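Student: Please pick one part of this model and take me through it closely. I would also like to know how that part is tied to the rest.

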Amino acid sequence: MNLKQLQQQIENNAMANFYIVTGEEETLLSHAKSMFKGLVDQEDRDMNYSQIDLTEQTLDVVINDAMSVPFFGDRRVVVVKNPQFLTATGKVGDRDQELLLKLFDQPVLQNIVVFFANDLKLDKRKKLAKVLLKTAENISLPALNERQAQQAIVQQLDQRSYAIEPEALHELMQRTNAQYTDMKNELPKLITYAEQTKKITLDVVSALVPKTLTANAFDLVDAVIKRRPQEALTLYHDLLQNGEAPLRLNAVLTNQFRLLLQVAGLSGNDQDIGAQLKVHPYRVKLAKEALRSYPPQFVRTGYLGMIDIETQLKSTSQDPELLFERFILKKFSVIFFIE
């Protein structure tokens with residue numbers, strides 16, 4: 001089920017006792033939490049609403065809350081974050097498992113227990129996971145694709161009587177890698193800046209929205225492969241100056257080169273390839289577009305160069321900027337100048 005169907009259940013007072021929420025879209029996950037929290041009146045939340053993070057608390061806290069009747073209220077809501085016990089690596093004591101199975105079979109009718117598994121990979125072979133998935137309502141909140149994210153942003157702006165230029169929307173997509181949550185988080189300052197004109201332009205987006213590290217890595221890889229060494233060196237220097245850790249930056253660059261190699265070897269639509277590689281379909285789309293002008297040997301050379309830099313960063317104390325400069329000027333010297 002989705003959030004619209006959950007809202008219908010709330011309006012019809014037809015709530016289940018157990019829910020399990022999965023997905024990667026943080027904005028939608030946060031909205032779901034707010035909807036469940038809203039089931040308990042403000043004045044009753046101290047006693048009848050609890051949020052338990054299993055990375056910090058133990059399962060017995062969940063069990064005790066879920067088995068307790070509401071205190072001077074109509075309903076108790078228990079939100080459980082990071083339920084690692086449902087994964088292959090999670091462990092559950094015999095006593096806790098027995099009590100949870102009893103709870104799933106005989107819930108307190110006034111209580112709603114919500115497990116936010118987000119992007120955890122549940123082990124459906126485990127008895128607890130199997131029983132819960134059979135008992136609970138499953139709310140799936142996957143990341144919005146490019147078209148859905150665009151439509152959502154345009155709709156939100158339209159509700160405020162704002163407009164966004166197509167070029168500005170495209171730039172916003174690129175700078176946030178089409179991540180809906182990131183796009184939405186940028187809207188308040190864009191709306192504030194465009195308060196007089198009610199129109200968000202390309203210049204406004206370029207000035208106010210910073211590029212994600214992944215977006216910067218795409219630009220850097222593009223500069224390397226398209227033989228713009230000075231631009232590549234400047235971008236790399238700026239990222240280090242902005243506080244990016246050399247190993248992390250190198251890992252992102254390596255992943256970008258690897259993605260290009262993987263996409264080049266696969267067929268199918270952006271959505272299917274994205275699911276197979278576990279990346280956003282928008283990144284697959286950009287990779288496909290880039291590969292039309294990227295000679296395969298350039299991509300392979302770049303990938304191997306990043307692996308070599310990583311090895312040196314981990315085994316020596318050499319300056320990362322110097323290593324990258326050598327990579328640009330030596331690894332690609334034959335390609336740059338001998339054609």
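Tutor: Let us start with strand S2, residues 49–53, which is mostly covered: four of its five residues are buried. Keep in mind throughout that this is a predicted model.

The next step is to find what S2 pairs with. Strand S3, residues 76–81, runs parallel to S2, and five bridges join the two. To place this pairing in the view, look for Tyr49, whose bridge partner in S3 is Val77. Between the two strands the chain passes through a helix: S2, helix H4 (residues 59–66) and S3 make a β-α-β unit, and its hand is right.

S3 has a second partner. With strand S4, S3 pairs over six bridges, again in the parallel sense. Here a useful marker is Val78, which has Val113 as its bridge partner in S4. The path from S3 to S4 also goes by way of a helix, since S3, H5 and S4 form a right-handed β-α-β unit. S3 therefore belongs to two such units, one with S2 and H4 and one with H5 and S4.

S4 covers residues 111–118, and seven of its eight residues are buried, so the rest of the structure largely encloses this strand. Strand S1, residues 18–23, is also a parallel partner of S4, and five bridges join them. Tyr19 can be used to locate this pairing, because its bridge partner in S4 is Val114. Reading across by pairing, then, S2 is joined to S3, S3 to S4, and S4 to S1.

Now follow the chain out of S3. The loop between S3 and helix H5, residues 94–105, holds Asn82. The phi of Asn82 is near 55°, which is a positive value in a residue other than glycine. That deserves a remark, because most residues other than glycine have a negative phi. Asn82 counts as partly exposed because its relative accessibility is 27%, and the cut-off for buried is under 20%.

The loop between S3 and H5 also holds Pro83. Pro83 has a relative accessibility of 0%, so it counts as buried. What does Pro83 touch, leaving aside its neighbours within four places in sequence? Its contacts are Leu54, Phe115, Phe116, Ala117 and Leu120. Of these, Phe115, Phe116 and Ala117 lie within the residue range of S4. For a sense of distance, Pro83 and Glu98 are 15 residues apart in sequence, and their C-alpha atoms are 17 Å apart in space.

Positive phi values turn up elsewhere too. Lys278 is not a glycine, yet its phi is positive, about 60°. Lys278 sits in the loop between helix H14 (270–277) and helix H15 (281–291). With a relative accessible area of 75%, Lys278 is exposed. Asn177, which follows helix H8, has a positive phi as well, near 55°.

The helices beside these two turns can be treated briefly. In H15, the buried residues are Pro281, Tyr282, Arg283, Val284, Leu286, Ala287 and Ala290. Their cover includes helix H7 (146–159), H8, helix H11 (213–225), helix H13 (246–264) and H14. H8 itself spans residues 166–176, and its buried residues are Ala168, Leu169, Glu171, Leu172, Met173, Arg175 and Thr176. When reading such lists, recall that an α-helix has 3.6 residues a turn, so residues three or four places apart point the same way.

One more helix leads back towards the start of the chain. Thr181 is found in helix H9, residues 180–193, and counts as buried because its relative accessibility is 12%. Not counting residues up to four places away in sequence, Thr181 touches Glu25, Glu26 and Thr27.

Finally, here is the setting for all of this. The protein chain has 18 helices and seven strands. Of its 339 residues, 44% are buried. Among contacts between residues at least 6 apart in sequence, 75% join residues at least 24 apart. Along the principal axes, the C-alpha atoms fill a box of roughly 80 × 55 × 40 Å. The chain exposes about 18200 Å², and carbon and sulfur atoms supply 48% of that area. There are 40 positive and 43 negative charges, and the mean positions of the two groups are 5 Å apart.

Notes
Residues are numbered from 1 along each chain as its sequence is written. This is a predicted model: local features need pLDDT of at least 70, side-chain atom pairs count only at pLDDT 80 or more; totals for chains, interfaces and linings use all residues. Side-chain values use heavy atoms; hydrogens and water are left out. Buried means under 20% relative accessible area, exposed over 50%, partly exposed in between (1.4 Å probe, protein chains only). Two strands pair if DSSP finds at least two bridges between them. A crossover is right-handed if, with the strands pointing away from the viewer, the path from the first strand over the helix to the second runs clockwise. Contact means heavy atoms within 4.5 Å. Accessible areas come from the Shrake-Rupley method with a 1.4 Å probe; for residues, only the protein chains shown count as cover. Lys and Arg count as positive and Asp and Glu as negative; His and the chain ends are not counted. The place of a charge is taken as NZ of Lys, CZ of Arg, CG of Asp or CD of Glu.
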